[in-house]
Amino acid sequence: MVSFLPGKRKQTASGWISFNAPCCVHRGDTQDRRQRGGIKPSPDSSWSYHCFNCGYTASFVLGRNLTFKARKLLEWLNVPAEEIERINLESLKHKSIEGLLGERQEVIQKLQAIEFEDRDLPVTTQPLNELAEEYLHSRSIPLDYPFLYKTMPRPGIVIPFTHNNQVVGHTTRFLDDRTPRYIQDIQHGYVFGTDLQGVDWQWAIVVEGVFDALSINGLAVLHAEINDAQVRLIRSLGREIVVVPDQDEAGMKLVDRAVELGWAVSMPEWPMGIKDVNDAVIRLGRLATLITIMQARETSKIKIELRKKQLVKRLRT
Ligand SMILES: [Zn+2]
């Protein structure tokens, strides 16, 4: 991929190569002259692209077909049509080879059966500034997730929603004190965090919010319910599931749903004032939080109901 990029480019310490973005002019924007196009190649020749000018994103994963958006990007980089076809064929040859590598590919294929459209991120995003980094730090969120920052119309952190490492939506967490605190572009059935799951993990921890998921590499259903499409996606991972609801009234709905699905539920007895996984990670640290979750894990319907009653009582006093 790098060989197709314009000669004038620079590389950052974190592996991004930046160059004048070719996308903007094709999307009704002005020509980028400030090297706001960025590509991050991985060693296996997969790559992802993001434009900090017009918000265009595209990515390529070895072993899979070039997506419509990746093809467009290659066209705009003046890669000849035959060459684009060759890249695609070459990629598909790797499908069978990758298959021999086992589970990773299995996970990808299971997820591939569930597809979402590629979506753009908001326009005029920029890399995180100091204020935004401080905010994430204060919430114990690792900075290795590809967060972006925007200032208009309100300052906020943009969290791309990925599925199979492609951008399929996003949420913005605003940093001023106004409401709403979040806006979301979310597709039906989407679950955040599948790309955070380790290859050989036995468990998947299902939480409500995106920050809860980011702080323990969990899966977020993004509201206090789990719809049927989300259930299919979560089941397709083939992991043992434990649901950790927010310890508030809304969270108790998630408990009922988990019981209905036959999934384990964990409602740890955290110190006062801790209401969700992210609060717990801030106060106790990631490892201690995970330990409390696994220790409080419950599969018996009766025990789950008892614990729920206890919690509701505490909430109402
Ligand atoms: Zn662009």
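Buried here means under 20% relative accessible area, with exposed over 50% and partly exposed in between (1.4 Å probe, protein chains only). This is a predicted model, where local features need pLDDT of at least 70, side-chain atom pairs count only at pLDDT 80 or more, and totals for chains, interfaces and linings use all residues. Numbering starts from 1 along each chain as its sequence is written, and side-chain values use heavy atoms, leaving out hydrogens and water.

**View 1. The zinc ion and its four cysteines.** Cys 23, Cys 24, Cys 51 and Cys 54 each offer an SG atom to the zinc ion, at 2.3 to 2.4 Å (donors are N, O and S atoms within 2.8 Å of the metal, or 3.2 Å for Na, K and Ca; water is not among the atoms, so sites may look incomplete). Angles among the 4 donor atoms run from 100 to 123°, making the site tetrahedral (four donors qualify if all angles lie between 85 and 135 degrees). For reference, the ideal angle for four tetrahedral donors is 109.5 degrees.

**View 2. Cys 24 and Cys 51 up close.** Both Cys 24 and Cys 51 are buried. Along the sequence, the zinc donors follow the pattern C-C-x26-C-x2-C. Cys 24 sits in the loop between strands E2 (17-19) and E3, and Cys 51 in strand E4, so the pair ties together parts 27 residues apart in sequence (strands are DSSP runs of at least two residues, helices H or I runs of at least four, numbered from the N terminus).

**View 3. Strand E4 and its partners.** E4 (residues 47-51) has 4 of its 5 residues buried, so the rest of the structure largely encloses it. E3 (residues 37-41) pairs antiparallel with E4 over 5 bridges (pairing takes at least two DSSP bridges), and Pro 41 has Trp 47 as its bridge partner.

Note on methods:
Tetrahedral: all angles 85-135°; square planar, octahedral: opposite > 155°, others 65-115°.
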